[in-house]
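Please walk me through this model in the viewer, one selection after another. At each stop, say what to select and what is there.

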There are 2 protein chains.
Amino acid sequence: MTKDGQKVYQHGTLALLVPGLFDGTMKLAELLAHGDTGIGTATGLNGEMIVLDGTPYLVQANGQVKTLSAETMIPFATVHFDQPQVEFAAQGLSMQALGKQILAKYPYHNIFFAVKIVGKFKHMQTRAVEGQVKPYPTLVEVANKQAVFEEADSQGTVVGYFAPELFQGMAAAGYHLHYLNNAKKMGGHILGFEIDQAQVYLQPFATIEQHLPVDNQEFMEHQADLESMGQQIKSAEEAD
Amino acid sequence: MTKDGQKVYQHGTLALLVPGLFDGTMKLAELLAHGDTGIGTATGLNGEMIVLDGTPYLVQANGQVKTLSAETMIPFATVHFDQPQVEFAAQGLSMQALGKQILAKYPYHNIFFAVKIVGKFKHMQTRAVEGQVKPYPTLVEVANKQAVFEEADSQGTVVGYFAPELFQGMAAAGYHLHYLNNAKKMGGHILGFEIDQAQVYLQPFATIEQHLPVDNQEFMEHQADLESMGQQIKSAEEAD
């Protein structure tokens, strides 16, 4: 069910976005050498990125969607080469119900896996954070300054990851999903959805390649407050 | 100071040794394709492994040191290709003093780096845990059943890693060092040392490649008790 050669690649860590390290530290051209599918954010936390078939799209807080150039610097992103191992049809499921169903059916709770959902949603609710300028606020403060978008009968693609609790800090434990509709007009970090008819694709990973921005002085010198970080990650991810 | 291409490779995670998942899940031959230098343990937690110049040695609880065959299965190990970026001479330093000095001098506290120390030690104290059979006890219980070895005026090599606090669980935060003397007769997991004269080599990593035993059913189905895990890791690492 799993293919040992498959890996997921992450640049940056969520734990360093939390205190406000939002500067871009890797060129998209370099990131996309490690995958054609994934999610992330842009410098200044300026919107929500989704990578589909090698094209990076950014959903901005003003609701507009644009493609990003290969020269764009990003602070945090996760990508992989899309080669699903599991596929099934889903109908009438909420995001929560689908997430639980996956973990009940597949023994994936201790590993990273990618989720892709292609189809029609009765309802899709997303958010996009507003671009920030230095001095950057914390992730929790930014998550409270966001635009929320909704679309009924939306057709599009969900891409994202499940991270096991063992790796909380490196990534957000649990599901982290982004969306882009087929018209490329609406999307973002998903707050909730209800599937009408869709195909769900899962891709478990044996290997996680974690890349850190070792040439970024601010990252290298940062003193993390780990005591409160877990709670802050939870709070920022759940903000709506 | 850092070279972006360099990576450290880890098979298994410390967080899964803690509750007693000690079965070997990767062949040494496969592990050593990812590095010629490193540390680890054997199936059943049967001793302390150190890899020097591509040769894996196991220090057993009976004090004997043996080389391991390429077919040996191991549950947890970390390796890299030895290409130090920093080198300095050290005299008269304890393990604690050296550890602090490194972090005071180099901005490495948020990244993984390898430590190699080659030279003469006024005093070296190590431990090796006893091999366990199923049903395996927890790591804390095993750490309390160990042999302690001491050698004065010991000449040999220290190999190990520093893991940042951000990655506690995946690895033990802080330093984790193993030792083998030049005679290949004494070594193990280091409890303490005092350097007489030695060269210290550091190798920072931009990339951490974390491999999980996705074909091991026990790992895949394990329900981790994360509440107490951090404390248990600390307790097991500090046992003496």
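Select strand 11 of chain A, residues 146-163, together with strand 12 of chain A; the two run antiparallel and are joined by eight bridges. This is a predicted model. To check the register, show A:Phe162 and A:Tyr175 as sticks: A:Phe162 stands opposite A:Tyr175, which belongs to strand 12 of chain A.

Keep strand 12 of chain A and colour by accessibility. Seven of its eight residues are buried, and the strand is mostly covered.

Next add strand 13 of chain A, residues 187-204. Strand 12 and strand 13 of chain A pair in the antiparallel sense, over three bridges. Here the pair to look for is A:Tyr179 and A:Gly188 of strand 13 of chain A, which stand opposite each other. Follow the chain through the turn: strand 12 and strand 13 of chain A form a hairpin with five residues between them. Within that turn, pick A:Lys184, whose phi is positive at about 55°.

Now go back to strand 11 of chain A and select A:Thr157, which lies in it. Is A:Thr157 buried or exposed? Its relative accessibility is 12%, below the 20% limit, so A:Thr157 counts as buried. Leaving aside residues up to four places away in sequence, A:Thr157 touches A:Ile50, A:Leu52, A:Lys116, A:Ile117, A:Val118, A:His178, A:Tyr179, A:Leu180 and A:Asn182.

With A:Thr157 still shown, turn on the pocket surfaces and pick the second largest pocket, which holds about 180 Å³ of space. Its lining has 13 residues, and those closest to the pocket centre are A:Leu52, A:Asp53, A:Lys116, A:Val118 and A:Thr157. Colour the lining by residue class: five residues are nonpolar, four polar and four charged. Which strands of chain A each supply at least two residues of this lining? Select strand 4 (48-52), strand 10 (113-129) and strand 12 (174-181) of chain A to see them.

Finally, zoom out and show chain A and chain B. A turn of 180° with a shift of 0.0 Å along the axis lays chain A on chain B, at an RMSD of 0.0 Å. That is the relation of a two-fold axis. The same surface serves both copies, as 100% of the contact residues of chain A recur in chain B. To find the rotation axis from chain A, select A:Glu209: of the residues of chain A it comes closest, with its C-alpha at 2.2 Å.

Conventions:
Residues are numbered from 1 along each chain as its sequence is written. Chains are lettered from A and ligands numbered from 1 in the order in which they are written. This is a predicted model: local features need pLDDT of at least 70, side-chain atom pairs count only at pLDDT 80 or more; totals for chains, interfaces and linings use all residues. Side-chain values use heavy atoms; hydrogens and water are left out. On a 1 Å grid over the protein atoms alone, a cavity is a set of points where a 1.4 Å probe fits but cannot get out, and a pocket is an open set with protein on both sides within 12 Å along at least five of seven lines; lining residues have an atom within 4 Å of a point. Grid points are joined across faces, edges and corners, and a volume is the space filled by probe spheres set on the points. Helices (H or I, at least four residues) and strands (E, at least two) are DSSP runs, numbered from the N terminus. Ala, Val, Leu, Ile, Met, Phe, Trp, Tyr, Cys and Pro count as nonpolar, Asp, Glu, Lys and Arg as charged, and the others, Gly among them, as polar. Buried means under 20% relative accessible area, exposed over 50%, partly exposed in between (1.4 Å probe, protein chains only). Two strands pair if DSSP finds at least two bridges between them. Contact means heavy atoms within 4.5 Å. Copies are superposed by least squares on the C-alpha atoms of residues with pLDDT of at least 70 in both.
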